[in-house]
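Grab a pencil and get ready to work through a protein fold one step at a time. Try each exercise yourself before you read its solution.

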Amino acid sequence: MKSTEQQTVGQLERELSQRLQALYRDQLGQRPSKATCQVFDSKVAIVLEGSVTQPEQLLAEEGQKELAEQVRADLDSALRPRIKQLIGEVLQVEVLDLLSDATLSTGRTGIIAVLSSTPAVRNPESIPKVKPS
């Protein structure tokens, strides 16, 4: 969704949410039921709900919680470069660091991306924590 006109922060957050859901669907066969993204100055916080796959759930239910957590950690590690690239593409800024964790019992994944700068948007005043220039 590239255009010559800058998008609003809400449009970027929505596009990022949709593309992350698509990435999980394409790579893991599990589309998160909800994705919430919020840009804060030079950071973005993401919460994915329903992001745990059926095999992980099955392992956890069958008493193999440690194995399920290891599978989740390995999947997160494998997805990390793709997520980092996707965030950079959508927000048009370099992603310096990516922190993530998942909770099997709730099916939620949390991701925090540290960006090289605040994304350029049509409405910068709508980004929490941005200092006026």
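The exercises below go from the whole chain down to single residues, and the model they use is a predicted one.

**Exercise 1. Getting your bearings**

Work out how many helices and strands the chain has, and in what pattern they follow each other.

Solution.
- Step 1: Count the elements. You should get 3 helices and 4 strands.
- Step 2: Now read along the sequence. The pattern is α-β-β-α-α-β-β.
- Step 3: Look at the overall dimensions. The C-alpha atoms fill a box of roughly 55 × 25 × 20 Å along the principal axes.
- Step 4: Check how much is hidden away. Of the 133 residues in the chain, 38% are buried.
- Step 5: Finish with the contacts. Take those between residues at least 6 apart in sequence: 56% of them join residues at least 24 apart.

**Exercise 2. Two helices side by side**

Decide how H2 and H3 are oriented to each other: roughly parallel or roughly antiparallel?

Solution.
- Step 1: Find the pair. H2 covers residues 54–61 and H3 covers residues 65–91.
- Step 2: Get the geometry. The two helices pack at an angle of about 155 degrees, and their axes are 7 Å apart.
- Step 3: Apply the cut-off. Angles over 145 degrees count as roughly antiparallel, so that's what H2 and H3 are.
- Step 4: Add the handedness. H2 and H3 make a left-handed crossing.
- Step 5: See who does the touching. H2 brings Glu-56, Leu-59 and Ala-60, while H3 brings Lys-65, Leu-67, Ala-68, Val-71, Arg-72 and Leu-75.
- Step 6: Sort those residues by class. The contact has 6 nonpolar and 3 charged residues, with no polar ones.

**Exercise 3. H3 meets another partner**

Describe how H1 and H3 cross, and which classes of residue make their contact.

Solution.
- Step 1: Locate H1 at residues 9–28; its axis comes within 10 Å of the H3 axis, and the two cross at roughly 145 degrees.
- Step 2: Check the handedness. H1 passes H3 in a right-handed crossing.
- Step 3: Pick out some of the residues in the contact. Among them are Leu-16, Leu-20 and Leu-28 from H1, and Arg-72, Leu-75 and Ile-83 from H3.
- Step 4: Sort by class. Here you get 13 nonpolar, 1 polar and 6 charged residues.

**Exercise 4. Into the core**

Find out which element gives the most residues to the largest nonpolar core.

Solution.
- Step 1: Start with a rule of thumb. In soluble globular proteins, nonpolar side chains tend to be buried together.
- Step 2: Look at the core itself. It has 27 residues, and the ones touching the most other members are Leu-16, Leu-20, Val-44, Ile-46, Ile-83, Ile-87 and Leu-91.
- Step 3: List the elements that give two or more residues. They are H1, E1, E2, H3, E3 and E4.
- Step 4: Pick the top contributor. H1 gives the most, with 7 residues.
- Step 5: Zoom in on Leu-16. Leaving out residues up to four places away in sequence, Leu-16 touches Cys-37, Val-44, Ile-46, Leu-86, Ile-87 and Val-90.

**Exercise 5. Two residues of one helix**

Arg-72 and Leu-75 are both in H3. Classify each one: buried or partly exposed?

Solution.
- Step 1: Remember the cut-off: buried means under 20% relative accessible area.
- Step 2: Test Arg-72. Its value is 3%, so Arg-72 is buried.
- Step 3: Test Leu-75. At 22%, Leu-75 counts as partly exposed.
- Step 4: Compare the neighbours, skipping those up to four places away in sequence. Arg-72 touches Tyr-24, Leu-28, Ser-51, Val-52, Thr-53, Glu-56, Ala-102, Leu-104 and Thr-109, whereas Leu-75 is in contact with Leu-28 and Glu-56.
- Step 5: Follow Leu-28, which sits in H1. Its C-alpha atom is 7.3 Å from that of Thr-53, although the two are 25 residues apart along the chain.

**Exercise 6. Positive phi**

Asp-41 and Gln-92 are not glycines, yet each has a positive phi. Where do they lie?

Solution.
- Step 1: Take Asp-41, with phi near 50 degrees. Asp-41 lies in the loop between E1 and E2, and at 21% relative accessible area it is partly exposed.
- Step 2: Take Gln-92, with phi of about 60 degrees. Gln-92 lies in the loop between H3 and E3, and at 54% it counts as exposed.

Technical notes. Residues are numbered from 1 along each chain as its sequence is written. This is a predicted model: local features need pLDDT of at least 70, side-chain atom pairs count only at pLDDT 80 or more; totals for chains, interfaces and linings use all residues. Side-chain values use heavy atoms; hydrogens and water are left out. Axes are lines fitted to C-alpha atoms, for helices over the stretch in contact, and angles run from 0 to 180 degrees between N-to-C directions. Angles under 35 degrees count as roughly parallel, over 145 as roughly antiparallel, 65 to 115 as roughly perpendicular and the rest as oblique. A crossing is left-handed if the near helix is turned anticlockwise from the far one by less than a right angle, and right-handed if clockwise. Contact means heavy atoms within 4.5 Å. Ala, Val, Leu, Ile, Met, Phe, Trp, Tyr, Cys and Pro count as nonpolar, Asp, Glu, Lys and Arg as charged, and the others, Gly among them, as polar. A nonpolar core is a set of buried Ala, Val, Leu, Ile, Met, Phe, Trp, Tyr and Cys residues joined through side-chain atoms within 4.5 Å. Buried means under 20% relative accessible area, exposed over 50%, partly exposed in between (1.4 Å probe, protein chains only).
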